[in-house]
Amino acid sequence: MADSPLSAALEFARMLTAGGLRLDPLDSAPSIEDIRRLARRRLPTMAFDILDGASNHELTAEENVSDLREVRFRPRWLTDISTVDVSTSADGQALARPYVLGPLGLQRMIGGEGELGAVRAAGTANIPFTISTASNWTMEELAEQASGPLWYQLYMYRSEQIVSNLIQRAKGIGAEVLVVTVDVPLNGKRYRDHRNGMSIPPRITPRNAVQAIRHLDWTRAIMRPPTIGFRNLKDEIQGDNAVSHQEFVAKHLANLALTWESIEDVRRQWDGPLYLKGILTPEDALRARRAGADGIYVSNHGGRQLDSSPSSIRALPLIADAVGDDMTIIFDSGIRTGDDIAKALAVGADLVSIGRAWGYGNAAAGEKGVLRVLDILDGELALAMGQLGATSIAALDRSFVEYPEAWHGHGMHRAPEPSEVTEEFTP
Ligand SMILES: Cc1cc2nc3c(=O)[nH]c(=O)nc-3n(C[C@H](O)[C@H](O)[C@H](O)COP(=O)(O)O)c2cc1C
C-alpha cells in the first residue's frame with residue numbers, strides 16, 4: 001500500500017533528524033542574538049520590551065554593545081593551547097568559569113516559570129545564580145530549586161527593617177555573596193514600558209489584547225497563581241493592583257536618603273563577600289572600598305537607569321587602574337558573546353555578570369533556553385581564548401586587546417588621570 005502523504009512526510013522528517021538535522025531552533029541557534037530573536041517571536045511586545053528595553057533614548061544600552069565591539073583582539077599565535085582553563089576564583093569562591101548569572105527581576109513577566117527554570121539551569125551548569133530582590137518568586141522558593149551556588153542581590157529600600165530582614169533571609173538560604181545595587185535610588189524611565197502600558201501584575205487591556213491572544217502560552221503563564229509581584233516583599237508590603245513599575249517603586253521602596261553610611265551598616269550585617277553593583281567612576285570605586293565592600297560591579301544596569309552614562313566597558317579601564325588588585329571587579333552591561341567576556345576580563349575585570357543574555361534564553365525556552373545560552377557562551381569564550389593564545393583566566397590581560405585611548409580619560413573633559421584619582425577627587 002502506498003504511503004499517505006502524512007506518513008511519508010513523517011518518515012522524511014525522521015530520516016532528516018537521524019542524519020543530524022536539528023528541528024528545535026534553540027539547538028541550532030548559533031548565537032545569543034539568535035536566541036534573542038526566538039524570545040522576540042515567543043513574547044508579546046510588552047513582555048519582550050521589559051527585557052530588551054532600556055531608559056530614555058537607550059543611548060547607553062546601545063553603546064554598551066557597540067563599545068565592546070570597539071575592543072579589538074591581539075592574538076598571539078603558536079602558543080600551546082592544548083589546555084585552556086577557564087576556571088577562576090574570587091574572594092575565596094572557586095568558580096568553574098569567569099562569569100555568573102546576574103540579577104534579573106520580574107522574570108515571570110516574560111512568561112514560563114519565571115526565575116524557577118533559570119535557577120535549575122544554573123545548578124545543572126554549576127554557575128552562581130544571583131537572586132534579585134525583585135524576583136517574582138521568593139528567595140526561599142528559588143533556593144528550593146537550586147543545586148548550585150546562590151548569590152543575593154539587595155535593593156536598599158527605605159525601611160531599614162525590610163533591608164535587615166532581606167539580609168537575614170539571604171543568610172538563611174545560604175547565599176554566598178551579597179550584591180547591593182546602588183544605581184537605583186530612582187527607577188529609570190523606560191519609554192517602551194510607558195508606551196506599552198506595562199504594569200505589575202500585567203493587565204490585558206484593549207491595547208494589548210490582540211497580542212495576548214496571539215501569544216496564548218504567555219498569557220496563560222502570567223495568569224497562573226501566585227499573582228505576579230515583588231514576592232520577596234509579600235509579607236512586608238501589600239501589593240497594589242496594576243500600578244506602573246515606577247509608581248510602585250516610588251511609593252513603597254525608593255530610598256532617596258541613601259548614603260555611603262548605609263553601606264557601612266550593611267557591611268556590619270554581612271560577613272561574606274559584599275559587592276556594590278552600579279559603579280561607573282574611580283571615585284565611587286575607591287569610596288566603596290572604604291565603606292567595606294570587597295568588590296564592585298562596573299555596570300550601568302544595562303542602560304536601564306541613567307541614560308547617557310558611559311558604556312560599562314568605557315568606564316572599566318580607569319576604574320581597574322584605580323582599584324588595582326585591592327577589590328574584585330565584576331563587569332556587566334552589553335555582554336552578548338563569549339568574546340565580550342574575554343574582552344572585559346582582558347581590559348581589567350575579574351568576573352563578568354550575565355544579564356539580558358540569560359533573560360533571552362529564559363524567554364525563548366525557560367530552563368532549556370538558559371542552558372543553551374550558557375553552552376553558547378562557554379563555547380565562544382573557550383574559542384576566543386584558544387585563538388588568542390590565552391590559556392588561563394589569569395593570563396588574559398591588556399596585552400591581548402586594544403581599545404580607544406580616550407577610555408583612559410585622555411582628551412575627555414574633566415576626566416582624571418589614573419594617578420590623580422582619589423576618593424576626594426573633585427573635578
Ligand atoms: C529584565 C531585567 C531585570 C533586571 N532586574 C534587576 C534587578 O532586579 N536588580 C539588579 O541589580 N539589576 C537588575 N537588572 C540589571 C542586570 O542585573 C544587569 O545589570 C544588566 O542586565 C546588564 O546589562 P546587559 O543586560 O546588557 O548584560 C535587570 C535587567 C533586566 C534586563
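**Close-up 1. Leu 178 and its partner in strand 8.** In this predicted model, Leu 178 stands opposite Leu 274, a residue of strand 8. The two strands involved are strand 7 and strand 8 (residues 274-279), which run parallel and are joined by four bridges.

**Close-up 2. Strand 7 and its neighbour strand 6.** Turn now to another pairing of strand 7. Strand 6 (residues 150-155) runs parallel to strand 7, and five bridges join them. One place to look is Leu 154, whose bridge partner in strand 7 is Val 180. Follow the chain from strand 6 and you will meet helix 8 (residues 160-172); together with strand 6 and strand 7, helix 8 makes a right-handed β-α-β unit.

**Close-up 3. The two faces of strand 7.** Are the faces of this strand covered or uncovered? Both are covered: on one side sit Val 177, Val 179 and Thr 181, on the other Leu 178 and Val 180, and all of these are buried. Strand 7 spans residues 177-181, and five of its five residues are buried.

**Close-up 4. Helix 16 and the glycine after it.** Here is another mostly covered element: helix 16 (residues 338-347) has 10 of its 10 residues buried. Charged side chains are part of this list too, since the buried residues include Asp 339, Asp 340 and Lys 343. Among the others are Ile 341, Leu 345 and Val 347. Gly 348 follows helix 16, and its phi is positive, near 155°.

**Close-up 5. Arg 224 in a loop.** Look for Arg 224 in the loop between helix 11 (216-223) and helix 12 (245-253). Why does Arg 224 count as exposed? Because it has 12 C-beta neighbours inside 10 Å, and a residue is exposed if that number is 12 or fewer. Gly 112 is worth finding in the same view: Arg 224 and Gly 112 are 112 residues apart in sequence, yet 9.8 Å apart in space, C-alpha to C-alpha.

**Close-up 6. The shell around the ligand.** Which residues come nearest to the ligand? Of the 24 residues around the ligand, they are Gly 105, Ser 132, Gly 302, Gly 355 and Arg 356. Sorted by class, the shell holds 13 polar, seven nonpolar and four charged residues. Two helices to pick out are helix 4 (45-52) and helix 17 (356-388), each of which supplies at least two residues of the shell.

Technical notes: Residues numbered from 1 in each chain as written. Predicted model: local features only at pLDDT ≥ 70, side-chain atom pairs only at ≥ 80, totals over all residues. Buried ≥ 20, exposed ≤ 12 C-beta atoms within 10 Å, placed from the backbone. Pairing = 2+ DSSP bridges. Right-handed = clockwise from strand over helix to strand, strands pointing away. Near = placed C-beta within 6 Å.
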